[in-house]
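The following account leads the reader through a single protein chain, moving from particular side-chain arrangements to the sheet, the cores and the loops. Please keep the sequence and the model in view while reading.

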Amino acid sequence: MKTRKLLALLLLLGLLSAALCGCGGGSTGTTAESKPTDGYTSTGTEAPADPQPAETHPNEITVGIAQDLDESLDPHKAVAAGTKEVMFNVFEGLMKPTPEGDLIPAVAEKYEISDDQLTYTFTIRDGIKFHNGETVTAGDVVNSITRCIEPYEADVLAVEPLSSVEKVTSVDERTVQIRLKEPNTEFLAYLTLAILPAEYDGQDTAPVGTGPFKFVSRAAQDNIVLERFEDYWGEKAYLDKVTYKIIENADSILMSLQSGAVDLFAHLTSTQVAQLGDDFNIEEGTMNLVQAMYLNNAVEPFDNVKVRQALCHAVDRQQILDLAFDGYGSLIGSSMYPAFGKYFDESLTNYYPHDVEKAKALLAEAGYPDGFSMTITVPSNYQPHIDTAQVIVEQLKEVGIKAEILPVTWESWLNDTYIGRQFQATVVGVDASTMTARALLERFTSTAGNNFINYNSPLYDSLFVKATSSGGDEAQTQFYKEMEADLTKNAANVYIQDLADLVAVRKGLTGVRFYPIYVLDLSGIRYTD
C-alpha cells in the first residue's frame, strides 16, 4: 500500500483492486515454517526490532472509531466486527494472520500435522506471557479451545468448526495435541481463536491476552486505552500508548481530525477525505466486507424471490460507487469479496445488470405492479452505509418502490436488527471472522444462529454439508462457489461492493498495514521523526 497525498487522491478515478491472498501453513507430516513478514523470521521467532524513533513528542496517538465495543470485551463473546478490530491488538491465537494473507505461529512456536490430517501438535513458545505476567501453559490453550467447542459459560460463542474436534489434550506444559474427527483443510485458520489465561475471570471488563498491546481502561461510549506490552514475545509495538476515541456522530469525525483531537481514523468516505486538508496522508486498502442491502427473507414482500430479484435489477451498483464513493470500491455479486482469491466468483458480479423495465416486470409478476413501501434500517454512525442507502432510495423510486431510511444507533441495530431480526432491509457490511470461506457463508445456513436474513435454501444447506465434509481442497472450493451462486440466483440480498478503506493518518506517522480480514493493526504505527 502506498501513501498518497490529497491532490493525488482527488484526481484518482476508478475502482480499487483487492489483492488476492490465501491461507498458508505447514505441509503434511512436517514442522511448519512461517513465511517471513514484518517482525518475524522464517521460523516465526522474534526478529530484531527496528530502532525506536527519537521522541520529540509523546509517543502515543488517538485513534477514532465509529462505534463502541461490545458490552463484554471477552474475545470469545465478541459479536461486533468493531470489537474484533480493536481486540486484534490485545489477543492472539496459536496462529495469527499476516497482511499477506498467510497464517504464522503466534502463541505457538511451531506445529506439526499428522499424515492422516487428523492430529495437530502445537509447541507453545517458551516463556510467552499473558499481560498479567503469567506464563502461557498448555492448560490455558486447552481451556481456551474447549471453552468454544461447547460453551459452558453464558454468552460465549460456539465456534462451529471446532465441533470437528474429537479431543484436545495437553501432552506437557508446552505441548498441545488436537485430534479431529475428520480432516478439515480450513482448521488452522480457526486456531486464530484467542488464547486466554484459564484461571482469570475478568475478561469481560479487563481483558488479558498475549498481544503487542495490553488493556488499560475503558469508559463506555467514550474511549478505550491500550499500552505497549513490554514482555511481548515478538517485535514490540512502537507506540507507548493508544487511546481509541469513540465518535459515533458522523459530523464530528472531521472536526475531531481537523482539531488535532484524533490522529488516525479508518473507514472514511472519499467526501470526508477531500475535506481534510494537508495535515493528513491517506492510506488506501479495502475493508474486506460484503456490503449489501440485506433483506429479511422471512417477511413480506421479501419472502418472494421475484421481489428480491426485482430489487437487484433496480439497484445500479456502479452508480452507487460513482455518486457515493467517487468510484472507489470493488463490485461484488455474492457473499464473498475479492481478497478471498480462489473462492471469489467473478462471474456472479454482474448477474443482475441494472434494468428498470426488468425490475418492473418482476414486481408485476410477484403481485406488486404499483410497487410497495419499505424501510431500510441503517446504523447512523456509519456514513458509508447511510450514503449507500440514500442512493438506493432514489433508484427504487424508478420502479415504484417507496423506501424510507430508518437510522438507528449501533446498539439498536445490533440488538434489534441483527440479533432480533426485526427489520425489512438494512445496509451494512458483513465481515469474515477468520480467513476462511466458511466464515462468510456458514451464516446463511437455515439453522445458523447468526442467519439474520432468515435465508432458507435446502440446496444451500446440502452444499454446506458437502463443503465441510469434503477432504479435498479443490472439491471444497467448488462447493463454496456453488453456495455463492445459490445466494445470488435466489437474490438473498442486493449485493453491492467491498468498500474501499480510506484511512486518514496524521503526517509524521507511518506503518498502517492492511489485512485480508477486518482488523486494524496498530503494532507497526510509529512516528517518522
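A charge is taken to sit over an aromatic ring if NZ of Lys or CZ of Arg is within 6 Å of the ring centre and within 35 degrees of the ring normal. In this model, which is predicted, Arg526 meets that description with respect to Tyr238, lying over the face of the ring at 4.9 Å from its centre. A further case is Arg125, which is placed over the face of Trp233 at 3.8 Å from the ring centre.

Aromatic residues also pair with one another. A search of the whole structure yields 17 aromatic pairs. In one of them, Tyr368 and Phe372 have ring centres 5.4 Å apart and planes at 70°, and the pair is therefore edge-to-face. The cut-off behind this assignment is a plane angle over 60 degrees. As for solvent exposure, Tyr368 counts as partly exposed because its relative accessibility is 22%, whereas Phe372 has a relative accessible area of 11% and is buried. Elsewhere, a single aromatic cluster is formed by Tyr294, Tyr382, Trp410, Trp413, Tyr418, Phe423 and Phe452.

The chain as a whole may now be considered. It contains 13 helices and 21 strands. Of its 529 residues, 58% are buried. Among contacts between residues at least 6 apart in sequence, 72% join residues at least 24 apart.

Which strands make up the open sheet, and in what order? Seven strands take part, arranged as S8-S9-S10-S1-S11-S19-S12, with mixed pairing. Strand S8 (213–219) and strand S12 (280–286) are at the edges; each has a single partner strand, so one side of each lacks a neighbour in the sheet. From one strand to the next, the twist averages 20°.

The individual pairings show how the mixed character of the sheet arises in detail. Strand S9 (residues 223–228) runs antiparallel to S10, and five bridges join the two. Within this pairing, Glu227 stands opposite Lys241 in S10. Strand S10 (residues 241–246) is in turn paired with S1 in the parallel sense, over six bridges. Here Ile65 has Ile246 of S10 as its bridge partner. Strand S1 (residues 60–65) is also joined to strand S11 (residues 264–268), the two running parallel with two bridges between them. Gly64 has Phe265 in S11 as its bridge partner. Helix H4 (residues 250–258) packs on the sheet, where it touches S11, S12 and strand S19 (500–506), and its direction makes about 150° with that of S11.

The nonpolar interior comes next. The largest nonpolar core has 124 residues, and those with the most contacts inside it are Phe122, Ile178, Met293, Met374 and Ile376. A second, separate core of 31 residues includes Phe213, Leu264, Ala266 and Leu522. The surroundings of Ile376 can be given in more detail: leaving aside neighbours within four places in sequence, the contacts of Ile376 include Met293, Ala389, Ile392, Val393, Ala403 and Ile405. Also among them are Glu404, Leu406, Ala425, Thr426 and Val427.

Three loop positions complete the description. Leu94 is located in the loop between helix H2 (81–87) and strand S2 (95–97). Its relative accessible area is 0%, and Leu94 is therefore buried. Apart from neighbours within four places in sequence, Leu94 has contacts that include Ile104, Phe122, Val141, Ile145, Leu191 and Ile195. The C-alpha atoms of Leu94 and Val141 are separated by 8.1 Å, although the two residues are 47 residues apart along the chain.

Lys77 belongs to the loop between S1 and H2. Is this lysine buried or exposed? Lys77 is buried, because its relative accessible area is 14%, and the cut-off for that class is under 20%. Not counting residues up to four places away in sequence, Lys77 touches Ser72, Arg147, Ala154, Asp155, Val156, Leu157 and Asp204.

Glu150, by contrast, counts as exposed because its relative accessibility is 64%. This residue lies in the loop between helix H3 (138–147) and strand S6 (165–172). Between the C-alpha atoms of Glu150 and Ser163, which are 13 residues apart along the chain, the separation is 7.8 Å.

Note on methods
Residues numbered from 1 in each chain as written. Predicted model: local features only at pLDDT ≥ 70, side-chain atom pairs only at ≥ 80, totals over all residues. Heavy atoms only, no water. Core = buried A, V, L, I, M, F, W, Y, C linked by side-chain atoms within 4.5 Å. Buried < 20%, exposed > 50% of the residue type's maximum accessible area, 1.4 Å probe, protein only. Contact = heavy atoms within 4.5 Å. Helix = DSSP H or I, 4+ residues; strand = E, 2+ residues; numbered from the N terminus. Pairing = 2+ DSSP bridges. Axes fitted to C-alpha atoms, helices over the stretch in contact; angles between N-to-C directions. Phe/Tyr/Trp six-rings, centres within 6.5 Å; stacked < 30°, edge-to-face > 60°.
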